[in-house]
Amino acid sequence: RVQRQDLMRVRNKITQKKSLPSQQLQIMAKKIRMSNTERILVASIGGAHGLKGQVKVKSYMTEPMDIGNFNNIEDDLGKKMSFSLIGKSTGSALIAEFDGITDRNNAERLQGKNLYLPRNALPKLSQNEWYHADLIGLNGIDAEGKYIGKIISISDYGAGTILEIEASDGSNISIAFTQDAVPNIDLDTGNMTLVLPKETEAVGN
């Protein structure tokens, strides 16, 4: 689906396709978090790399190196973060040099920062596509409108997309993100209709 964003395609997108009722819906990336709905989390900074101020960066772009194509990336507090990608580390991490960071001590202070793009810097999603940020925090309701719980995270460990719901009784419920289980998503009302299986996996109190 390159036509959606070309170089700017972000991984934290879910595509819901019309398919067999039990078919898993495709998810484009791993779990992400958002500080608000006006920004999309596109990367996070890991540990320092070497002694010259370089750091490891985890990109959430479909093409990880595309994170270097933007000049309007901000940190958690809205501060503009200018950097250059200089290569890749082991695993999926990228190596970046941030402006003004020239030694390891300052590089270590960047660890844990999240990097965001304004939502309006990214193309609009197609029908039946959502960013994780749009779904996390929605109210889960049943077909009659009764409150079930709040969507708190979205995960994919290889077997399909899983919604984590904090139920009204304090327990956590995990359900597959399928068309059967999630027949309707209404961002305007902030509700997601859920059809819970007869037995759900509850965790916690």
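**Notes on pairs, strands and turns in this model**

1. Lysine 113 is a good place to start: its relative accessibility is 23%, so this residue counts as partly exposed. Please keep in mind as you read that this is a predicted model. The partner of lysine 113 is aspartate 75, and the two form a salt bridge whose closest N and O atoms are 3.5 Å apart. Aspartate 75 sits in the loop between β4 and β5, while lysine 113 belongs to the loop between α1 (104-108) and β7 (114-118), so this contact ties together parts that lie 38 residues apart in sequence. Is aspartate 75 buried or exposed? Aspartate 75 is buried, with a relative accessible area of 3%.

2. How many salt bridges does the structure hold? There are 4, and the one just described is among them. Another joins the side chains of glutamate 74 and arginine 39, with 3.3 Å from N to O. Here, too, distant parts of the chain are linked: glutamate 74 is in the loop between β4 (54-59) and β5, arginine 39 is in strand β3 (residues 39-49), and 35 residues separate them. Glutamate 74 has 22% relative accessibility and counts as partly exposed, whereas arginine 39 is buried at 9%.

3. Arginine 39 is worth a second look. Besides meeting glutamate 74 in a salt bridge, arginine 39 lies over the face of tyrosine 116, at 4.1 Å from the ring centre. If you display arginine 39, glutamate 74 and tyrosine 116 together, you can follow the salt bridge and the contact with the ring in one view.

4. One more salt bridge brings together the side chains of aspartate 134 and arginine 119, at 2.8 Å from N to O. Aspartate 134 lies in helix α2 (residues 132-135) and arginine 119 in the loop between β7 and β8 (129-131), so the pair connects parts that are 15 residues apart in sequence. Aspartate 134 is buried, with a relative accessible area of 16%; arginine 119 is partly exposed, with 23%.

5. Strand β7 deserves a point of its own. How many of its 5 residues are buried? The count is 5 of 5, which leaves the strand mostly covered. Asn114, Tyr116 and Pro118 point one way from β7, Leu115 and Leu117 point the other way, and all of them are buried. The strand pairs with β3 in the antiparallel sense over 5 bridges. To find the register, look at alanine 43, whose bridge partner in β7 is leucine 115.

6. Now for the aromatic rings. How many aromatic pairs does a search of the whole structure find? The search finds 1. The partners are phenylalanine 83 and phenylalanine 98; their ring centres are 4.9 Å apart and their planes meet at 35 degrees, so the pair is tilted. Phenylalanine 83 is in strand β5 (residues 83-88) and phenylalanine 98 in strand β6 (residues 94-98), so the rings tie together parts 15 residues apart in sequence. Phenylalanine 83 is buried, with a relative accessible area of 14%, and phenylalanine 98 is also buried, at 4%.

7. The strands that carry these two rings pair with each other as well: 5 bridges join β5 to β6, which run antiparallel. Serine 84 has glutamate 97 as its bridge partner in β6. β5 and β6 form a hairpin with 5 residues between the strands, where glycine 91 takes a positive phi near 75 degrees.

8. Further along the chain there is another hairpin. Strand β11 (residues 161-167) and strand β12 (residues 172-176) pair in the antiparallel sense over 5 bridges. Which residue in β12 is the bridge partner of glutamate 166? The partner is asparagine 172. The hairpin has 4 residues between β11 and β12, and glycine 170 in the turn has a positive phi of about 95 degrees.

9. To finish, please visit glycine 160, which is in the loop between β10 (147-156) and β11. Its relative accessibility is 14%, so glycine 160 counts as buried, the limit being under 20%. Glycine 160 is 17 residues from phenylalanine 177 in sequence, and their C-alpha atoms are 7.7 Å apart in space.

Notes. Residues are numbered from 1 along each chain as its sequence is written. This is a predicted model: local features need pLDDT of at least 70, side-chain atom pairs count only at pLDDT 80 or more; totals for chains, interfaces and linings use all residues. Side-chain values use heavy atoms; hydrogens and water are left out. Rings of Phe, Tyr and Trp (its six-membered ring) pair if their centres lie within 6.5 Å; planes under 30 degrees apart count as stacked, over 60 as edge-to-face and the rest as tilted. Buried means under 20% relative accessible area, exposed over 50%, partly exposed in between (1.4 Å probe, protein chains only). A charge sits over a ring if NZ of Lys or CZ of Arg is within 6 Å of the ring centre and within 35 degrees of the ring normal. Two strands pair if DSSP finds at least two bridges between them.
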